[in-house]
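These notebook entries record what I looked up, beginning with helix packing and then turning to a pocket.

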Amino acid sequence: MLPPATLPAAGSPVTPPGRGAGGGTRAPRRDLRRPKAPARDAAAGLAEVMAMPAIWRDAGGRLAELPGPGSGIVVCGALPGAPAPEPAWTAGQLAAAGVAEVPGPVREGTGLGLASAVISPALLDVALAGVPARRSRKITPRLAVQVALGRAVAPGTAGATLRALAQRPRETDPGYDLPAASSLSDADSFLLVRPFLRLLAGLCGQISAAPLPAVPAPCLPPAGAPEAERAAIRLRPAGRPGGPWRDGRWHGLRVLAKDGTTRQVADPKANDRRGTGGQSRNAAHCGRPASTGADAAPQIRMVEVCDVWTRGGVAWAAGPLGIGETTLAGHLEPAYGPGDLDLADRGFPSREAITAKADAGKHFIWRVSAAWKLRRSGRPLPDGTWKAKITWRGRTVKVRVVEYHMDQVFNLPRGHPLLSAPPPGASVRVLDQPGDPAGLCRHSPGTVRVEVSETVTLITSLMDTAACPARDIAELYGMRWASELVYLEEKQTLSGGQPLTAATPAGAYRMAAATVAAHQALRITGAAIAAAIGAEPARISCTALRAMISDSIGAGQGASASALTTAIEILRRDIARHPLRFVTAWRPGRHYPRFTIKKVRTRKSKDPVPGAARLHLLPLPVPPGAAYVPEANAPPAA
């Protein structure tokens, strides 16, 4: 008990701490709180997107941030000569990639299963360079990026993805408790957009054909077996002896196809609409497509440049819906070099772009519409093609024109729109022969066999008819469909047709870039598998790759070098025992008319699909008043 002298007298006031005896104002105190860091929320993310630089990786592997286009456009990719990272397969390569020998704390990262051989901790650290430090008890920036990439491989909520990633690593870290959904959202928003663009730029580039080491000889059906012919068809190579393809190059050129698409984004209905004129942040920034009924969902527009041989990404750009594909494609021009060939559809060519390509010494094969009204200039070329002049602001260049017909044979139901009202530019010819019901025109009851023809006009900078024959150019254009297949794999195989669920524009760009990065990691892994099997990299099934990565993530095989080595051994075993599991069926280049293509989700089993297709070149146009010489203008033999 305290002595009485230390106790205050009854009724006497007690002076509170910090106040003077006279009861004046509170004395100033030292502020012990942490200095307030810059905001990293939805507004900060949008501000970063509006001022985002263009991120490119050079041939030495260094990331360079160049002045960006602004206006909400994000650009990243690899410059000419920059190789894509090679997977880490051996123990030495895993150690150099930063994969720990023993599992560490879950908060420091869980790995991505077999994909950790490509998206290594060292690559993630380079992508996260410049991200400010933050207090993190349960989730670090590295783990937040891995959760975003895991959601790109297997769509789901962030909490469900983290539970799948951390299920096995938590066995060695039993004290780790999963964070709440709000903590995951805060960690994701803290990253903003730049780390994902840096990661994607670090993954883009020329994919090497180095095979997975120490793989036993694949078990293929022996010659003469009933399955041998089927296996030979599935492994049919495009690089046949004497053909235009050799070592992934078409006549010595790397073929790059580009195309555009859109991704639907979320349109929240709650408090997110405050301060944006009654619409969500995504709708205010991204914009909506035209709609005659209710408001359509917001969308972002993307353009990607991919390698036709490997289906790997080379460069990527995205922006609001109101920005056109040609504008986005113009920001990806640094990805093309003198040894590359630009392959594009009718929506990309322009006279300005042609003169810019010619001045830079770059090659292209572009399809043009009939609105170009090309006229022959000079003498015809030996292979039946001809030259035309393109003028832009006083600058005139010559291009080579290749015209050919694509004919497809269909079995159409009676009353089909192609029979009653053919679209412009296509001719329909009925092949039915009433007097010969058992002839070559046999078809299913209730259908009519027709031949649909469409004229295709290509312009190219390749003037050497001996090095690049016209038929090779016409057949190559069908492989432009590789860019569409890349979007199919990203939007359907990986994302399951689901929209980008982020509620902010920065979050939408994060999710879109994470999907492209995950697809690139799968394609890098698929190239090593293709080299081990003896198939083309583009023929490796993205569905099989995704299933393999998902299984290894569920088994926790990316958290340590020993677990990842186990996943690599399982991959070697699967390649040796079931090689055709990874290979898709061989298909020729896509030359189908656009009106026969439907969205994958709306395609029905009874929709018309061409049963046969053939390509033949057209004769030269004859200038007015000139004599037509068939022998000089005859197309080359097949």
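Entry 1. I worked from a predicted model. I looked first at helix 4 (residues 141–153) and helix 15 (residues 505–533), whose axes come within 8 Å and cross at roughly 70°. Angles of 65 to 115 degrees count as roughly perpendicular, so helix 4 is roughly perpendicular to helix 15. I then listed the residues that make the contact: helix 4 contributes Ala-148, Leu-149, Arg-151, Ala-152 and Val-153, and helix 15 contributes Met-511, Ala-514, Thr-515, Ala-517 and Ala-518. By class, I noted 8 nonpolar, 1 polar and 1 charged residues in this contact.

Entry 2. I next examined helix 14 (residues 481–494), which packs with helix 15 at an angle of about 110°, the axes being 10 Å apart. Helix 14 and helix 15 are therefore roughly perpendicular to each other. On the helix 14 side I found Val-486, Glu-489, Glu-490 and Leu-494, which meet Thr-515, Val-516, His-519, Leu-522 and Arg-523 of helix 15. The residues of this contact divide into 4 nonpolar, 2 polar and 3 charged.

Entry 3. I turned to the second largest pocket and recorded a volume of about 690 Å³. Which of its 38 lining residues are the closest to its centre? They are Arg-151, Asp-188, Thr-501, Ala-502 and Met-511. I noted that helix 1 (42–50), helix 4, helix 5 (158–166), helix 6 (181–191) and helix 15 each give two or more residues to the lining. By class, the lining of this pocket has 21 nonpolar, 12 polar and 5 charged residues.

Entry 4. I cross-checked two names: Arg-151 and Met-511 belong to the contact of helix 4 with helix 15, and both are listed among the residues closest to the centre of the second largest pocket.

Terms used:
Residues are numbered from 1 along each chain as its sequence is written. This is a predicted model: local features need pLDDT of at least 70, side-chain atom pairs count only at pLDDT 80 or more; totals for chains, interfaces and linings use all residues. Side-chain values use heavy atoms; hydrogens and water are left out. Axes are lines fitted to C-alpha atoms, for helices over the stretch in contact, and angles run from 0 to 180 degrees between N-to-C directions. Helices (H or I, at least four residues) and strands (E, at least two) are DSSP runs, numbered from the N terminus. Angles under 35 degrees count as roughly parallel, over 145 as roughly antiparallel, 65 to 115 as roughly perpendicular and the rest as oblique. Contact means heavy atoms within 4.5 Å. Ala, Val, Leu, Ile, Met, Phe, Trp, Tyr, Cys and Pro count as nonpolar, Asp, Glu, Lys and Arg as charged, and the others, Gly among them, as polar. On a 1 Å grid over the protein atoms alone, a cavity is a set of points where a 1.4 Å probe fits but cannot get out, and a pocket is an open set with protein on both sides within 12 Å along at least five of seven lines; lining residues have an atom within 4 Å of a point. Grid points are joined across faces, edges and corners, and a volume is the space filled by probe spheres set on the points.
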